[in-house]
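The paragraphs below lead through the structure shown here, moving from charged pairs to the sheet, the core and one loop residue. Keep the sequence at hand while reading.

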Amino acid sequence: QVQLVESGGGLVQVGESLRLSCAASGRTFSSYAMGWFRQAPGKEREFVATISWSSDMTWYADSVKGRFTISRDNAKNMVYLQMNSLKPEDTAVYYCAGGRYSRSRSMYDYWGQGTQVTVSS
């Protein structure tokens, strides 16, 4: 079992940055790929980024490529999402997830409760 708790969300202006953190509990954390997804009001939850258990592979949605960076620290059971050059369309609840290296929500078994990111113009 892995329990996930996100933090770091907030209200920022267009062009600013935020770093989201996801704290994981459970001894098997390092064996899972970790992903970030987001859900805007009235929209489906969508893939943002994922990172393999060893950090040797990362995958980003086209909408965030070049602006967001996913990373993890297995020694600390932490996953991060550095978000730069934020846009109003990045406004959403961001979820951390643990599972298989994939863009698909169905491949992730564990989910956090989400953290709100609001980008104001």
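In this predicted model, Asp62 has a relative accessible area of 66% and is therefore exposed. Asp62 forms a salt bridge with Lys65, and the closest N and O atoms of the two are 3.2 Å apart.

Other salt bridges share partners, and in this way Arg38, Glu46, Arg67 and Asp90 are joined into one network. Within that network, the side chains of Arg38 and Asp90 meet with an N to O distance of 2.9 Å. Arg38 belongs to strand β4, while Asp90 sits in the loop between β8 and β9, so this salt bridge ties together parts that are 52 residues apart in sequence. Arg38 and Asp90 are both buried.

Arg67, another member of the network, is found in the loop between β6 (58-60) and β7. Its relative accessible area is 11%, and because buried means under 20%, Arg67 counts as buried. What does Arg67 touch, not counting residues up to four places away in sequence? The list consists of Gln82, Met83, Asn84, Ser85, Leu86, Lys87 and Asp90. Of these, Asp90 is also a member of the salt-bridge network.

A further salt bridge is formed by the side chains of Arg105 and Glu44, at 3.9 Å from N to O. This pair links distant parts of the chain, 61 residues apart: Arg105 is in the loop between β9 and β10, and Glu44 is in the loop between β4 and β5. Arg105 has 39% relative accessibility and so counts as partly exposed, whereas Glu44, at 63%, counts as exposed. The count of salt bridges in the model comes to five.

The next topic is the strands. Strands of a sheet pair through backbone hydrogen bonds, and the pairing can be parallel or antiparallel. Here, four strands form an open sheet in the order β1-β3-β8-β7, with antiparallel pairing. Which strands stand at the edges? They are β1 (3-7) and β7; each has a single partner strand, so one side of each is left without a neighbour in the sheet. From one strand to the next, the twist averages 15°. The antiparallel pairing of β1 with β3 runs over five bridges, and Glu6 stands opposite Cys22 of β3.

Strands of this sheet also contribute to the largest nonpolar core, which has 34 residues. The members that touch the most other members are Met34, Trp36, Leu81, Met83 and Tyr94. At least two core residues come from each of β3 (18-25), β4 (33-39), β5 (46-51), β7 (68-73), β8 (78-83), β9 (92-99), β10 (108-111) and β11 (115-120). Met83, one of the core members named above, is also among the residues that Arg67 touches.

The last stop is Ser30, located in the loop between β3 and β4. Is Ser30 buried, exposed or partly exposed? Its relative accessibility is 31%, which is why Ser30 counts as partly exposed. Leaving aside neighbours within four places in sequence, Ser30 is in contact with Trp53, Arg72 and Asn74. Ser30 and Ala49, by contrast, are 17 Å apart in space from C-alpha to C-alpha, with a separation of 19 residues in sequence.

Notes: Residues numbered from 1 in each chain as written. Predicted model: local features only at pLDDT ≥ 70, side-chain atom pairs only at ≥ 80, totals over all residues. Heavy atoms only, no water. Core = buried A, V, L, I, M, F, W, Y, C linked by side-chain atoms within 4.5 Å. Buried < 20%, exposed > 50% of the residue type's maximum accessible area, 1.4 Å probe, protein only. Contact = heavy atoms within 4.5 Å. Salt bridge = Lys/Arg side-chain N within 4 Å of Asp/Glu carboxyl O. Pairing = 2+ DSSP bridges. Axes fitted to C-alpha atoms, helices over the stretch in contact; angles between N-to-C directions.
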